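Subject: Structure handover

Hi,

Here is the structure you asked for. My notes on what turned up in it follow below.

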Amino acid sequence: MKKIYIFTILSLFCLYVGIAQTEGITYQAVLIDNNSDEIPGVDIPSNNIPDRPISIRFTVMDASGNVNYQETQETQTDPYGTINLTIGQGQTTPESLGTFNTIDWDGPKTLKVDIDMDAGTNFVEFSEQSLTYVPYVRHRNLVADGVTNLNSDFNVNNQSLSRFTGDVYVEQDTRLQTLTADGASNFNNRVTITAQVSETNQSDIDAYPLRLQGSANGMAIQLNDAVPSRERNFVSFWNGGGEPIGRIEGFQAYTDVSQNFILDVIVDNEPSEDEAKDQDDDDTAPPAEAPSAFSVYLNNDYSLNLLLEYLDLIQSSASFGINLGACIAGVGIAGDCDDAVDAAFTLFIQGVQISLYIWYNEANVGVAFESGGADYAEWLKKYDAKETFTYGEVVGLRAGEISKSFVDADRFMVISKNPIVSGAMPKGEEVSQYKQVAFLGQVPVKVLGTVNKGDYILPSGNLDGMGIAVSPQNMRTNDYKRIIGVAWEEYYGNDLFSYINTAVGINTNDLVNVVSNMQQVMNRMQDALIAANPAYQPTYFDVETVTVDNNIKTTKSKTMQQLLMEQYGFEQQATTEQKLGKLKTIMQSKDVDNGVFKFSDMPYLQSVLENPTEENIKQYNDYYAKALENLTAMVQGR
């Protein structure tokens, strides 16, 4: 038998063949017959084997000799004894762990080649050599048209550019030194920015971990709720200890809350006959609880206020039914039943108030600021730029400048501690020349000695930034222009001074007692003048204990019922039936253009107004008595 020797040339690179896009390693070899041919005069030691069918078996093994991949291919040498194959395009053998695409190229690999000249029945090992480079790694240009799996690190060195024209999906943590996104970027989950910024100067833009710049506008925040309530925050603030210290929250309107929703809840709370009997037997039995959705609705302060308005409506409705029933049982509706008419007017007025209450909130949807700060402050310039101030100190204000050294001042104020809003912010380089001064709200003030709630807080008069507490009874006339505010807490301790929570900017009626006392004195002086000269014509002043203007001590408006009767032309001499009939017509006209409250939706009201029989009134009274009981129970303790 002839011995076959094969000279093998390997070229390793990533290959894509035709449409199938199959990956593989090119393999090239020349088959040579080592038996010499005898030609006269010349002894040829070996010849190529041309046009010969053969079988090739390729095996890729790891460093331990384990088979990772094995395949066989049928081929034929060309006229020069050469074969050209692609490892990865053959028939996988049962010994192979998987397909060529699943080979784990991590670690050293060896390629073993077996050849069979007898059509695949007698493979003979003829070469085994290391793969010097792992395929797909050492290439200047890499093209992968199919799925590419990397089972280890992927490094792009020498500051080379990486460009992705499609989506990039990363399942694990991603760490980037610098991320530049030239297009719109979408984050579908929480984004946390942990930045150790060395700059701490709040006037320096580089002191902030998150910076938005460019465009005509800054940041937009859109929540999921169509109408965010005060239970939904647009922005919240925490301190370093994880304690919430402020927020910008929603402001709920009432478009999603109908009148029927509230009335239906009241009806749903009405017990069955058996439950009613049990409750009659047990006076302590509470009414049924409101549905959970309604309880959630009540968690909003503004919604609760609307419910309180409805409580007033139900109370006036119940009062109307009781008085109308008494009217029918007494003189009849055609007689004089003023109490029933007054109650009907009150019911109508309350319904109008509910409508306006809702419409006002609809027109004023926005956000609310919540903070531990309790005052509005403004930056005021120091009279002496070198003077130092701390919060709670009393300062004088004169011509727009502040100082503790002013004996006389336009007014006396206090340095703010933690204002919720600060106005008139100075330029960064001028901040040291200004200080935040409380204009309105609650602010701590340094006060000497004992303090009672309701005391006026005045400057101590010693130019030391301290305040003193003076009771209203001990105030002197000249003290009123020196008022800083009113104490809202007390102190009876032995400390030299204490910080007292003081309301500033609200004491606008402080001179009323002084003026009243002066008016009384002047009235007495005029009485003395009359005694001395009976012809004297006095001009008396209204005071707390004596009036001269029709017993009216203060300016007073007409009642809403009086205004209503004037607006719609009610006649005083009209009968109860006439007044109620006209009021019913007005209710119907109001319902036409009112989408948030309708009198026609109030159970049994229309039937009572149209036909006030004893049966209708009893049905009306039974409903509103139970409704009032249920609604009162709902709002108690809230």
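Start with Leu-605. Beyond its neighbours within four places in sequence, Leu-605 is in contact with Phe-320, Leu-347, Met-587, Phe-599 and Tyr-620. Contact means heavy atoms within 4.5 Å.

A word on the source. This is a predicted model, in which local features need pLDDT of at least 70 and side-chain atom pairs count only at pLDDT 80 or more, while totals for chains, interfaces and linings use all residues. Residues are numbered from 1 along each chain as its sequence is written, and side-chain values use heavy atoms, with hydrogens and water left out.

**The cores**

Leu-605 belongs to the largest nonpolar core, which has 45 residues. A nonpolar core is a set of buried Ala, Val, Leu, Ile, Met, Phe, Trp, Tyr and Cys residues joined through side-chain atoms within 4.5 Å. Buried means under 20% relative accessible area, exposed means over 50%, and partly exposed is in between (1.4 Å probe, protein chains only). The members that touch the most others are Phe-320, Leu-347, Phe-348, Met-587, Phe-599, Met-602 and Leu-605.

Six helices are worth locating on your screen: α4 (301-329), α5 (338-363), α7 (560-568), α8 (576-592), α9 (605-610) and α10 (614-635) each supply at least two residues of this core. The largest share, 12 residues, comes from α4. Helices (H or I, at least four residues) and strands (E, at least two) are DSSP runs, numbered from the N terminus. Another core lies apart from this one. That core has 21 residues, among them Ile-25, Trp-105, Ile-115 and Met-117.

In soluble globular proteins, nonpolar side chains tend to be buried together.

**Aromatic pairs**

The count comes to 16 aromatic pairs. Rings of Phe, Tyr and Trp (its six-membered ring) pair if their centres lie within 6.5 Å; planes under 30 degrees apart count as stacked, over 60 as edge-to-face and the rest as tilted.

Look at Tyr-310 and Phe-597. Their pair is tilted, at 6.3 Å centre to centre and 55° between the planes. Tyr-310 lies in helix α4 and Phe-597 in the loop between α8 and α9, so the pair ties together parts that are 287 residues apart in sequence. Tyr-310 is buried, at 2% relative accessible area. Phe-597 is buried too, at 1%.

Phe-597 also pairs with Phe-599, edge-to-face, at 5.1 Å centre to centre and 90° between the planes. Phe-599 is buried, with a relative accessible area of 2%. Elsewhere, one aromatic cluster is formed by Phe-320, Tyr-604, Tyr-620, Tyr-623 and Tyr-624.

**Charges**

Two charged ends sit over rings. Arg-398 has its charged end over the ring of Phe-406, 3.9 Å from the centre. Lys-582 has its charged end over the ring of Phe-570, 5.2 Å from the centre. The rule: NZ of Lys or CZ of Arg is within 6 Å of the ring centre and within 35 degrees of the ring normal.

There are 10 salt bridges. A salt bridge is a side-chain nitrogen of Lys or Arg within 4 Å of a carboxyl oxygen of Asp or Glu.

- Arg-232 and Asp-225: the closest N and O atoms are 3.0 Å apart. Arg-232 is partly exposed at 40% relative accessibility, and Asp-225 is partly exposed at 31%.
- Glu-610 and Lys-584: 3.9 Å, N to O. This pair links distant parts of the chain, with Glu-610 in helix α9 and Lys-584 in helix α8, 26 residues apart. Glu-610 is exposed at 54% relative accessibility, whereas Lys-584 is buried at 16%.
- Glu-629 and Lys-626: 3.0 Å, N to O. Both lie in helix α10, 3 residues apart, about one turn of the helix. Glu-629 is partly exposed at 39%, and Lys-626 is buried at 18%.

Salt bridges that share partners also join Glu-393, Lys-404 and Lys-446 into one network.

**Helix α10 and the whole chain**

Helix α10 has 22 residues. From its first C-alpha to its last it reaches 31 Å, close to the 32 Å expected at 1.5 Å a residue (1.5 Å times one less than the number of residues). Its buried residues include Tyr-620, Tyr-623, Tyr-624 and Lys-626.

Overall, the protein has 10 helices and 24 strands. Buried residues make up 33% of its 638 residues. Among contacts with a separation of 6 or more, 57% are between residues 24 or more positions apart.

Best wishes
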